[in-house]
Amino acid sequence: MPQESAVYTHGHHESVLRSHTWRTAANSAGYLLDSLKPHMRILDIGCGPGTITADLAALVPDGRVTGLEHAPDVLDQARATAAARGVGNIDFTVGDVHALDFPDDTFCVTHAHQVLQHVGDPVHALREMRRVTRPGGIVAVRDADYATMTWYPEVEGMADWLDLYSRVARANGGMPDGGRRLHAWALEAGFTQDDITATASAWCYQTPEERTWWSELWADRTVASSYARNAVDGGHATPDDLARIAAAWREWGAREDGWFAMLHGEVLCRV
């Protein structure tokens with residue numbers, strides 16, 4: 001059975017978790033919500049700090065949600081999120097999407113948000129997700145597509161950020177334009193065209209508060225996270241390069257006319 005071979009580019013620095021804890025089922029899994037029923041058992045792969053996971057648990061009050069994460073340390077925060085919200089039908093475990101430690105046909109829904117772009121074998125991961133999903137159930141996946149990220153104005157250094165991030169992610173074994181590939185990966189994993197509903201949605205940051213939040217977390221991530229270490233250790237950038245790119249993020253965030261959007265691919269695959 002294949003094991004994870006890619007390196008998670010972002011890691012779990014505070015600047016990364018600042019982004020992850022903003023995510024909700026509404027803003028990150030809206031394409032799935034109409035398919036949920038109160039009794040469902042759900043596996044949430046790559047649950048991180050558990051904000052989406054806890055939302056899903058609240059939407060299936062007669063069911064149960066399991067949050068799975070490859071990095072065990074962040075699960076303390078996920079458990080704290082569930083406890084703070086008073087969600088009891090939830091549990092968390094450490095695991096690898098390439099080798100899920102569950103029997104066949106265990107879950108009604110197997111969900112992964114911003115996961116497949118970071119793994120070594122996304123097609124095998126989808127096969128594993130399909131294996132643990134019951135007949136008639138759903139495999140639901142959403143991933144960003146970095147090549148579609150766009151912004152205004154064209155602050156010097158922002159394009160360098162996107163080029164650098166893409167090189168670091170690919171060197172780590174990831175696929176930063178994974179969002180556009182989900183449909184193809186699902187077909188390769190054995191789903192038929194009739195099984196798959198492929199859609200897209202976007203996040204957009206435009207208000208002063210949104211621009212400040214988004215630019216500051218990326219500025220911090222650029223100089224202080226695992227991504228920063230990977231960039232320097234891999235020979236992709238120097239610390240001075242990273243400082244210059246972080247400054248570009250802050251300059252963009254301070255612009256009154258600033259706007260940033262990012263596209264996501266989505267697939268609902270019927271088992």
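Here a visitor and a guide talk through a few residues of this predicted model.

Guide: Welcome! Local features here need pLDDT of at least 70 and side-chain atom pairs pLDDT 80 or more, while totals for chains, interfaces and linings use all residues. Residues are numbered from 1 along each chain as its sequence is written, and side-chain values use heavy atoms, without hydrogens and water.

Visitor: Why is Gln117 called buried?

Guide: Its relative accessible area is 3%, and buried means under 20%, exposed over 50% and partly exposed in between (1.4 Å probe, protein chains only). Therefore Gln117 counts as buried.

Visitor: What makes Arg85 partly exposed?

Guide: Arg85 has a relative accessible area of 40%, which lies between those two limits, so the label is partly exposed.

Visitor: Which residues does Arg85 touch, leaving out those up to four places away in sequence?

Guide: They are Thr51, Ala54 and Asp55, where contact means heavy atoms within 4.5 Å. Thr51 is 34 residues from Arg85 along the chain, and their C-alpha atoms are separated by 9.7 Å.

Visitor: What makes a group of residues a nonpolar core?

Guide: The members must be buried Ala, Val, Leu, Ile, Met, Phe, Trp, Tyr or Cys residues, joined through side-chain atoms within 4.5 Å. The largest such core has 30 residues, and Trp161, Trp214, Trp218, Trp249 and Phe260 touch the most other members. Helix H7 (158-171) is one of the elements that each supply at least two residues; helices (H or I, at least four residues) are DSSP runs, numbered from the N terminus. H7 gives the most, with seven residues.
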